Amino acid sequence: MAMDASLIKTINKLQDAFSTVGVHNPVDLPQIVVIGSQSSGKSSVLENIVGRDFLPRGSGIVTRRPLVLQLINRPSSSSTATTTTTTGSSSPRDPQSLPSSDAKKQPNGEKKEPEEWGEFLHQPGVKYTDFNLIREEIVRDTELKTGKNAGISPLPINLRVYSPNVLTLTLVDLPGLTKLPVGDQPKDIERQIKDMIVKYITKPNAIILAVTAANTDLANSDGLKLAREVDPEGARTIGVLTKIDLMDAGTDVVDILAGRIIPLRLGYVPVVNRGQRDIDTKKSITRSLEGERSFFENHPAYKSKAQYCGTPYLSRKLNMILMHHIRNTLPEIKAKIQAALVKYQVELAGLGDMLGEGSAGQASIVLNIITEFCNEFRTIIDGNSTDLTSFELSGGARISFVFHELFANGVKSLDPFDQVKDVDIRTILYNSSGSSPALFVGTTAFEVIIKQQIKRLEDPSLRCVNIVFEELVRILTQLLSKHLFKRFPDLKDRFYQVVLNFYRKQLNPTNKLVQDLIAMESCYINTGHPDFLNGHKAMAVINDRVNQAKNPQPVDPKNRNVANLPPSLEPEPTNNGFFGSFFASKKKRAGAMEPPPAVLKASGNLSEREQIETEVIKLLISSYFNIVKRTVVDTVPKAIMLNLVNTSKEELQRELLQELYKTEVLDELLKESEFTQN
């Protein structure tokens with residue numbers, strides 16, 4: 001038994017350790033979680049187990065924060081007398097300064113250690129021998145975290161009670177379930193309480209103590225219904241039936257205890273608590289427990305099983321359940337703690353060495369961080385990182401995807417003829433020939449149109465620059481998420497600002513170079529390019545198409561290739577010419593003539609010559625635009641790599657050293673976070 005009790009104490013120490021660092025039960029420690037509705041008698045059950053009045057009482061939600069109640073059995077001071085020394089001012093809020101009924105003078109004048117006392121984790125070393133003050137402290141600390149309204153908080157209060165009258169046990173008392181908000185309670189109070197309870201009882205190692213009033217329908221028990229949601233088999237739920245003495249005459253809970261209503265593997269325990277009148281008249285818990293024992297021993301339905309009823313049996317049963325549960329889960333707990341320990345040791349190592357004394361030690365740390373950051377930045381860009389993953393593309397691979405997939409496909413998808421229509425080409429042809437009709441296909445018209453289309457390549461090229469900039473920011477964020485920068489939040493912020501400003505500084509020359517590349521393609525149309533389909537070849541291709549359209553050859557259906565069929569270039573039978581529609585709209589009379597309209601547009605049907613010229617221009621535009629697109633797809637990524645990516649790889653370290661490696665800012669940069677200090 002001594003070993004079993006020490007197991008519970010060890011679990012208590014772990015609970016305290018986790019609470020101290022601000023985390024709640026990260027390794028799923030075994031614990032008994034007390035749930036039930038507000039009117040189920042939850043508080044009375046806990047006070048009977050402790051044997052003391054110490055919980056806040058009142059209407060509405062009284063328990064507004066989880067109370068981790070650790071009961072520690074200790075030998076009576078009559079058998080082992082020890083001495084204690086108290087210090088502190090005689091303030092009414094200081095429990096050490098208050099006289100205790102258990103504190104008696106010894107013959108030598110020293111004060112005898114009290115039989116029972118309580119200690120709060122948030123007040124280490126302070127002993128509360130007056131349990132009324134424990135109640136006041138619970139209320140005070142609750143209001144400190146939640147305010148004086150009826151709100152709740154998930155932050156637990158850890159209370160440890162030492163007494164020879166309790167069995168070593170740990171219970172977590174949670175707020176009582178409620179249906180409707182009352183008074184100042186939040187509108188969603190039911191959901192808040194339910195979410196808090198579910199968070200505790202969902203953990204597989206939690207034993208659920210569901211408190212239900214016996215004078216209500218068990219099927220409507222809020223505590224049991226919530227317990228069955230997470231423990232449908234009832235494998236880790238124990239039921240407590242309160243208010244047995246308030247049941248109607250002739251009724252009992254024998255069928256429930258026998259498991260014939262809602263079976264639970266851990267069973268049910270009936271108890272009799274003090275009523276409100278007993279509490280108001282200050283009926284002691286000792287007398288209440290005597291009355292409970294008398295009730296079960298004399299009740300016809302329970303007297304044969306009285307030894308399995310009442311608060312003392314409930315305490316023993318819970319103590320036994322918890323100790324067995326701890327023994328069964330101990331290997332799992334040790335494994336989880338060991339894994340967590342390894343994890344945190346790795347994180348601790350990742351935070352770096354202890355801060356050295358003086359500016360030399362600080363400067364060394366900053367220099368090492370800058371060097372390590374820049375080395376990792378280069379390896380991520382080059383794909384040499386040791387953190388390569390098969391899950392997703394990262395670093396330089398994402399930049400490559402931007403160049404060869406997003407940008408290349410975006411540029412290749414540009415079609416010059418989704419903006420330039422035949423009527424536009426026809427108009428430009430006539431405008432470029434001036435007052436005399438052209439004898440040959442106009443070079444000027446071709447250049448005007450192709451330059452317009454080349455300018456369209458500037459937007460996707462500049463967008464490519466911005467996307468690569470965003471990818472570099474992504475790499476920066478990834479590097480700053482490492483544990484090393486969690487240690488120095490101010491250094492992390494300055495790193496982000498310096499690197500981001502450096503990126504932005506490089507954007508201007510990169511954008512300028514990309515714009516110059518597009519302007520370079522636009523300012524000189526190299527019709528002598530070896531891949532360009534020149535005017536003679538284009539004319540020959542179009543003439544062949546026209547001849548095929550006039551004299552179509554029979555096509556073997558088996559060898560039909562739609563891509564090779566010439567477009568229909570057959571001129572319309574009626575040829576009105578360029579200005580045909582203008583004159584056609586006028587009444588035909590001899591010598592009729594009017595000035596042209598203010599806005600004169602190309603209209604009428606195309607002549608054969610006009611149609612051929614238009615098709616030749618389109619063929620030349622398509623040929624040259626494809627050449628320019630290939631060039632842009634090749635040169636723009638090179639420009640971005642030169643002025644943005646490679647410059648960052650080569651110059652970033654110098655920039656960081658220039659901005660951060662300064663004696664006057666070291667103290668500020670190396671200020672450790674509260675998380676690291678704790």
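**Close-up 1. The eight-stranded open sheet.** In this predicted model, in which local features need pLDDT of at least 70, side-chain atom pairs count only at pLDDT 80 or more, and totals for chains, interfaces and linings use all residues, an open sheet of eight strands follows the order β3-β4-β2-β5-β1-β6-β7-β8 with mixed pairing. Strands are DSSP runs (E, at least two residues) and helices likewise (H or I, at least four), numbered from the N terminus, and two strands pair if DSSP finds at least two bridges between them. Because β3 (117-120) and β8 (268-270) stand at the edges with a single partner strand each, one side of each is left without a neighbour in the sheet. Residues are numbered from 1 along each chain as its sequence is written, and side-chain values use heavy atoms, with hydrogens and water left out.

**Close-up 2. The edge strand β3 and its partner.** Strand β3 is joined by four bridges to β4 (residues 157-163), and the two run antiparallel. Glutamate 119 stands opposite arginine 160 in β4.

**Close-up 3. The contact of α11 with α14.** Helix α11 (residues 396-412) packs with helix α14 (residues 458-480) at an angle of about 160°, their axes being 10 Å apart; axes are lines fitted to C-alpha atoms, for helices over the stretch in contact, and angles run from 0 to 180 degrees between N-to-C directions. Helix α11 is therefore roughly antiparallel to α14 (angles over 145 degrees count as such). Among the residues that meet, with contact meaning heavy atoms within 4.5 Å, are Phe403 and Phe407 in α11 and Ile467 and Leu472 in α14.

Key. Parallel < 35°, antiparallel > 145°, perpendicular 65-115°, else oblique.
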